[in-house]
Amino acid sequence: MDIVGIVVLVLFLAFVTLGVVATVKTVRAAKRGVARASAQARRAVEDAQLKARRFTTMGPAGEVAQLRIDLRTAIDSTFRVIDRSDPSLSEAAGLLDRLNDHARTLDRELAVLEREPDRARLAALLPDLNTRAHRITQSADSLRWAAQDRAQQFAADDLAALRQQIDIESAALRHWEPAPQTPPAAPKQAAPPPSPPKPKLGPIRPGP
């Protein structure tokens, strides 16, 4: 009876432990989902505010807002193209992560400078910021275009191979069709009968 009680207690504790683990995982997943949704909503609001400032603010501050928009657009577009589930794109995905770190650093610097009251200082810093932003956007564009070209080439090659296989299968499915009939050959004319042999003449003898 004691052994049965111990076994029941162990099973009960195991079920309780599994329940706790499942609950913790569910709560963490829910928190991650909420955090992701909050980050996306916050990002959408920031993008809308940037676009509004771009069209309502003139001078260096407006240019800073445009740089932030260009940075975000290039990085986000490239992230949507790079398929992280594709092992052949793992190196490109790693490079994009590093490029994104630079973009986030520059975006934070630009966000601070947007509120800089000294417009002369902002105008003096703008050329360097512009150069850094263009380097990042050009690098992101290069990765994105290369991934797009690769996907298009693979799709074209796969379509060509599929077309070839379909042509072969179509020919195999039509094996029942009779071969084209050739017109019958004209009957050969009978050879003429051989002419009778000519009588042999004896030697010519002189007369008496």
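Here are some worked exercises on a predicted model of a protein chain.

## Exercise 1: Get your bearings

Work out how many helices and strands the protein chain has, and what pattern they follow.

**Solution.**
- Step 1. Start by counting: the protein chain has four helices and zero strands.
- Step 2. Read along the sequence, and you get the pattern α-α-α-α.
- Step 3. Now look at burial. Of the 208 residues of the protein chain, 19% count as buried.
- Step 4. Finally, look at contacts with a separation of 6 or more: residues 24 or more positions apart account for 70% of them.

## Exercise 2: Check the length of a helix

Compare the expected span of H3 with the distance between its end C-alpha atoms.

**Solution.**
- Step 1. Find the helix: H3 covers residues 90-114, and that is 25 residues.
- Step 2. The rule is 1.5 Å times one less than the number of residues, so H3 should span 36 Å.
- Step 3. In the model, the end C-alpha atoms of H3 are 35 Å apart, which agrees.

## Exercise 3: How do the helices pack?

Decide for each pair, H2 with H3, H3 with H4, and H2 with H4, how the two helices run relative to each other.

**Solution.** Two packed helices are described by the angle between their axes and the distance between the axes.
- Step 1. Take H2 and H3. Their axes are 10 Å apart and the angle is about 160°. Angles over 145 degrees count as roughly antiparallel, so that is the label for H2 and H3. Their crossing is left-handed.
- Step 2. Who makes that contact? On the H2 side, the residues include Leu71, Ile75 and Phe79, and on the H3 side they include Leu99, Ala103 and Leu110.
- Step 3. Take H3 and H4. Their axes come within 10 Å and cross at roughly 160°. H3 and H4 are therefore roughly antiparallel as well, and this crossing is left-handed.
- Step 4. Among the residues in the contact between H3 and H4 are Leu95, His102 and Leu113 of H3, together with Leu122, Ile136 and Leu143 of H4.
- Step 5. Take H2 and H4. Here the angle is about 15°, with the axes 9 Å apart. Angles under 35 degrees count as roughly parallel, so H2 is roughly parallel to H4. The crossing of H2 and H4 is left-handed too.

## Exercise 4: Follow one leucine

Find where Leu113 sits, whether Leu113 is buried or exposed, and which residues Leu113 touches.

**Solution.**
- Step 1. Leu113 lies in helix H3.
- Step 2. The relative accessible area of Leu113 is 12%. The cut-off for buried is under 20%, so Leu113 is buried.
- Step 3. Leu113 has company: the buried residues of H3 also include Leu96, Leu106 and Leu110.
- Step 4. Set aside neighbours within four places in sequence, and Leu113 is in contact with Leu122, Leu125 and Leu129.
- Step 5. Now compare sequence with space. Leu113 and Pro60 are 53 residues apart in sequence, with their C-alpha atoms 9.7 Å apart.

## Exercise 5: Trace a charged network

The structure holds eight salt bridges. Work out which residues are joined to Arg68 in one network.

**Solution.**
- Step 1. The side chains of Arg68 and Asp107 form a salt bridge, 2.9 Å from N to O. Arg68 is in H2 (residues 60-81) and Asp107 in H3, so this pair ties together parts 39 residues apart in sequence.
- Step 2. Arg68 also meets Glu114 in a salt bridge, at 2.7 Å from N to O. Glu114 is in helix H3, so this pair ties together parts 46 residues apart.
- Step 3. Are these residues buried or exposed? Asp107 and Arg68 are both buried, with Arg68 at a relative accessible area of 7%. Glu114 counts as buried at 13%.
- Step 4. Look at another salt bridge: Asp86 with Arg150, whose closest N and O atoms are 3.3 Å apart. Asp86 is in the loop between H2 and H3 and Arg150 is in H4 (residues 119-173), 64 residues apart. Arg150 is partly exposed, with a relative accessible area of 25%.
- Step 5. Put the network together: salt bridges with shared partners join Arg68, Arg72, Asp107 and Glu114.

Note on methods: Residues numbered from 1 in each chain as written. Predicted model: local features only at pLDDT ≥ 70, side-chain atom pairs only at ≥ 80, totals over all residues. Heavy atoms only, no water. Salt bridge = Lys/Arg side-chain N within 4 Å of Asp/Glu carboxyl O. Buried < 20%, exposed > 50% of the residue type's maximum accessible area, 1.4 Å probe, protein only. Axes fitted to C-alpha atoms, helices over the stretch in contact; angles between N-to-C directions. Parallel < 35°, antiparallel > 145°, perpendicular 65-115°, else oblique. Left-handed = near helix turned anticlockwise from the far one by under 90°. Contact = heavy atoms within 4.5 Å.
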